[in-house]
Amino acid sequence: MSFRFTDTEKWKDKWFRQLKAPEKLLFMYLMDNCDMAGFIEIDTEFWAYQTCMNEEHITKAVTGLGTGCVEVDGWIWVRGFLRMQRNENLSQKNKCYAIISSLIK
């Protein structure tokens with residue numbers, strides 16, 4: 001089981017404040033379930049089950065996240081994930097460096 005930091009200041013962030021409720025829920029779900037580099041394979045059926053939303057709401061929420069998440073080839077990258085987990089400046093001195101760099105490559 002991994003532990004994640006959560007940025008309580010997100011509620012004051014203009015981008016986050018402007019999200020609709022399903023988009024906020026999905027964003028927080030993605031933050032909790034992505035890998036150490038911020039990537040998660042798209043599985044709208046499972047996400048719908050986990051969040052009690054239907055797949056149409058999930059699809060709309062992904063679109064509504066706009067620049068906060070990047071969707072490519074069946075994967076989503078949560079753009080601010082590394083910063084929120086205090087791993088933004090990757091260096092070999094960072095314990096997570098090897099794992100994260102292998103996921104990014």
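Trainee: Is Cys52 buried or exposed?
Mentor: Buried means under 20% relative accessible area, exposed over 50% and partly exposed in between (1.4 Å probe, protein chains only). Cys52 has a relative accessible area of 73%. So the call for Cys52 is exposed.

Trainee: At which pLDDT do side-chain atom pairs count in this predicted model?
Mentor: Numbering starts from 1 along each chain as its sequence is written, and side-chain values use heavy atoms, with hydrogens and water left out. The model is predicted: totals for chains, interfaces and linings use all residues, local features need pLDDT of at least 70, and side-chain atom pairs need pLDDT 80 or more.

Trainee: Where does Cys52 sit, and what is its phi?
Mentor: Helices (H or I, at least four residues) and strands (E, at least two) are DSSP runs, numbered from the N terminus. Cys52 is in the loop between H3 and H4. It is not a glycine, yet its phi is positive, at about 65°.

Trainee: Which residue in the loop between S2 and S3 has a positive phi?
Mentor: The loop follows strand S2 (69-72). The phi in question is near 50°, in a residue other than glycine. That residue is exposed, because its relative accessibility is 75%. It is Asp73.

Trainee: Which residues of H3 are buried, and what arc do they cover?
Mentor: The buried residues are Trp47, Ala48 and Thr51. They lie on the same side of H3, because their arc (of the directions from the helix axis to the C-beta atoms) is only 100°.

Trainee: Which exposed residues does the opposite face of H3 carry?
Mentor: The buried side of H3 has cover that includes H2, S1, helix H4 (55-64) and S3. The face turned away from that side carries the exposed residues Glu45 and Tyr49.

Trainee: How do H2 and H3 cross, and which residues make the contact?
Mentor: The axes, lines fitted to C-alpha atoms over the stretch in contact, come within 11 Å and cross at roughly 105°, on a scale from 0 to 180 degrees between N-to-C directions. That makes H2 (residues 21-33) and H3 (residues 44-51) roughly perpendicular, the term for 65 to 115 degrees. Contact means heavy atoms within 4.5 Å. H2 gives Leu25, Leu26, Tyr29 and Leu30, and H3 gives Phe46, Trp47, Gln50 and Thr51.

Trainee: At what angle do H2 and H4 pack?
Mentor: Their axes are 9 Å apart. H2 and H4 are roughly perpendicular to each other. Pro22, Glu23 and Leu26 of H2 meet Ile58, Lys60, Ala61, Val62 and Gly64 of H4. The angle is about 85°.

Trainee: How many aromatic pairs are there?
Mentor: Rings of Phe, Tyr and Trp (its six-membered ring) pair if their centres lie within 6.5 Å; planes under 30 degrees apart count as stacked, over 60 as edge-to-face and the rest as tilted. By this rule the count is 6.

Trainee: Which type is the pair of Trp11 and Phe16?
Mentor: The ring centres are 4.8 Å apart. The planes stand at 90°, so the pair is edge-to-face.

Trainee: Which type is the pair of Phe39 and Trp77, and how many residues separate them?
Mentor: The centres are 6.2 Å apart with 25° between the planes, and the pair is stacked. Phe39 is in strand S1 (residues 39-41) and Trp77 in strand S3 (residues 75-78); the separation is 38 residues.

Definitions and conventions. Angles under 35 degrees count as roughly parallel, over 145 as roughly antiparallel, 65 to 115 as roughly perpendicular and the rest as oblique.
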